[in-house]
Amino acid sequence: MTAPAVSVESTQAPPPPRRKQTPRKILNTFLWYVSAVILALFIVVPIYLIFVSATTPDANVYDYPKSVIPVGIDTDNIEAFITAAGVIDAFWRSVVAGVITVVLALGIGAPAGYALARYVFRGRDGYRLIVLSTRAFPIVILSIPLAVMYRNWGIFDTVWGVALMHTALALPFTVLITSSVFVSIPRELEEAAQTLGCSPARAFLRVSLPLALPGLTAAAIFTWVLSWNDVFAAVVLTLRNPTLPARIMTSLTQASLPWQYAAAFVMLVPSLIVIFVIRKYLLGLWGRVVK
Amino acid sequence: MTASTVEYTGKRKRNWAPYILLVPSLLFLLLFFATPMFNSFVLAFQTPDGVWSLESIQTMVDDVSFWPAIKATLTLVIIVIPFQLALALAMALVINKRLKGTSLWLYLYALPLAISELAAGIVWVSIFTQKGWLNSILETLGIIERGIIWQSAESYWTLIGIIVVAEMWRATSIMMIILVAGLQSIPDEYLEAAEVYGASLWQRVRRVILPMLRPSLQVALILRIILAIQIFATAVALAGTGLTVMSQQTLEWANDIDNDNVAAAWAALMLLMSIIATIGVLWLLPVKDEQQV
């Protein structure tokens, strides 16, 4: 995994000139590497184990003690999970809810992020405070009163209802993240385009937007995963048309362990891909949210 | 934040663009954030027939699961957060040390960031279940003779322990990322100076890093405590009926018992606890103005 330099390295001043390597220093460095490996194992080993659990052939599912080295790789479990009643439908509902969430959250949040990044105006700090303080509330819990509102509006138990809730969940982050993306693009470029005769809108579309696209894509991907992962709101807001996590959650107590393992596997794969795709933006996405 | 509240500055034509850009998000937050928040309190103080009364709150408090759910949730929050903070700090320090392959370490530590609560819960079920990975490994190594029942409903503290481990695995990444970003803003010279004067790692953490990290710590703690109060799927997957948490009670009243008012009372209670926790963190870790970035 030779990832290109992340911002960790690039934003730092060049390292000071090397001092003499004393044995103590070498031991010290060695201990840092040992810590790095131990911490990484804590994260990676459980993921490896669930992959082995989910792909264990039927005949070996109840072997004990289990062997950490896979006895064989088999997709029976995963197929059984996918073909279980309603799972495929729930899967697509999750995908669609995620896409709607991304479109809504970026469609509503990105303009606000742009305004925060580009304009100095009265009420700017007030708006930032509103957005920041939404993070001090357990947003998922709001799905309870939302369920009551949805019944009146006729969107209870629909993908739209779930997606609107997920948009509320994602919006504060989308605003702050897109604002940090636009801040990183020099406004002079846009101004230059305007002096050359572009309208402000055209200057934005032709100059800022293409430059912002990678950052916005990373924000979009992360928004999608927020929606993909939500269990609680989806369980509250759906009944017969659950998303994938809601479908798994409601049958968790009756489900066999191999079925659960396969379910976890199917939920995990997109998450791991997502983090891999946006790895360069991790610090930008979350780190800058602090500020 | 309507335009009418903005005074005309006189010098330049007022630019309406930023306000127009903010309007959609404000309307959305009003409809899907402020309204449900307000409604959760309205519903909590009404009966299912819409009559104003304390009945729903009384029902919530009188329920046999009321105190157990609060106890379990708060116990988990109180145990998980310090452990998580220590783990996140360790990860952030390793990243900030800029060893070879920093981007790989960061990627690995950040993996759980995108993993759902439910998937994480099941991952740890595969480890802690009686014929699961932990017992398999311990028995193969000869450390135990017979599998230990980790998920026993009779052993409250073992259940709490395994949920704590699962939560540390699942939810530390977000803290780690915030702390790494915070560490980057500490000038290298400070740490080098401390090192030159012979400060041990612990002294550097205690005297230089933690004080300078305060703004990041504040944000990380507020975010995590609020999320920890909402702990749900990890606890349900691992503990089943062995213990109950506040979210689970909320859901039970909403879906199984079909009483949105009591569910809303739970939601309102969790809202209040989150606000108190936020104020608590702001009070315990005040950030001086010049530190605010």
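## Report on a predicted two-chain helical model

Of the 293 residues in chain B, 45% are buried. The structure described here is a predicted model, with an ipTM of 0.87 and a pTM of 0.87.

Chain B contains 13 helices and zero strands, and its pattern along the sequence reads α-α-α-α-α-α-α-α-α-α-α-α-α. Chain A likewise has 13 helices and zero strands, in the order α-α-α-α-α-α-α-α-α-α-α-α-α. The table sets out some overall values for each chain.

| Chain | Residues | Buried residues | C-alpha extent along principal axes | Share of contacts (separation of 6 or more) that join residues 24 or more positions apart |
|---|---|---|---|---|
| Chain A | 291 residues | 45% | about 75 × 70 × 35 Å | 75% |
| Chain B | 293 residues | 45% | roughly 80 × 65 × 30 Å | 72% |

**Confidence in chain B.** The mean pLDDT of chain B is 88, and 94% of its residues score at least 70. Among the elements of chain B, the highest mean pLDDT, 95, belongs to helix α3 (residues 66-96) of chain B, and the lowest, 84, to helix α8 (residues 188-196) of chain B. Over residues 1-11 of chain B the pLDDT stays under 50, and the model has ten contacts beyond four places in sequence for this segment.

**Helix α3 of chain B.** How far apart are the end C-alpha atoms of α3(B)? They are 44 Å apart. The 31 residues of α3(B), at 1.5 Å a residue, should span 45 Å, so the separation in the model agrees with the expected span. Just after α3(B), the backbone of B:Arg98 takes a positive phi of about 50 degrees.

**Contact between the chains.** Chain B gives 94 residues to the contact, and chain A gives 88 residues. On the side of chain B that touches chain A, helix α1 (residues 17-44) of chain B gives the most, with 15 residues. By class, this side of chain B comprises 65 nonpolar, 21 polar and eight charged residues.

**Domains of chain A.** Chain A is divided into domain 1 (24-74) and domain 2 (86-290). The centres of domain 1 of chain A and domain 2 of chain A, taken over C-alpha atoms, are 32 Å apart. Where these domains meet, five residues of domain 1 of chain A are in contact with six residues of domain 2 of chain A. The side of domain 1 of chain A that touches domain 2 of chain A has four nonpolar residues, one polar and no charged.

**A position in chain A.** A:Ala170 lies in helix α7 (residues 159-183) of chain A. Is A:Ala170 buried or exposed? A:Ala170 has 28 other C-beta atoms within 10 Å, and because 20 or more count as buried, A:Ala170 is buried. Leaving aside residues up to four places away in sequence, A:Ala170 touches A:Thr101, A:Ala105, A:Thr223 and A:Leu226. Another residue, A:Ala220, is 50 residues from A:Ala170 along the chain, and the C-alpha atoms of A:Ala170 and A:Ala220 are separated by 10.0 Å.

Conventions
Residues are numbered from 1 along each chain as its sequence is written. Chains are lettered from A and ligands numbered from 1 in the order in which they are written. This is a predicted model: local features need pLDDT of at least 70, side-chain atom pairs count only at pLDDT 80 or more; totals for chains, interfaces and linings use all residues. pLDDT is the predictor's confidence in each residue, from 0 to 100. Helices (H or I, at least four residues) and strands (E, at least two) are DSSP runs, numbered from the N terminus. Two residues are in contact if their C-beta atoms, placed from the backbone, lie within 7 Å. Ala, Val, Leu, Ile, Met, Phe, Trp, Tyr, Cys and Pro count as nonpolar, Asp, Glu, Lys and Arg as charged, and the others, Gly among them, as polar. A residue is buried if 20 or more other C-beta atoms lie within 10 Å of its own, exposed if 12 or fewer, and partly exposed in between; C-beta atoms are placed from the backbone. The expected span of a helix is 1.5 Å times one less than its number of residues. Domain bounds come from an automatic or database domain assignment.
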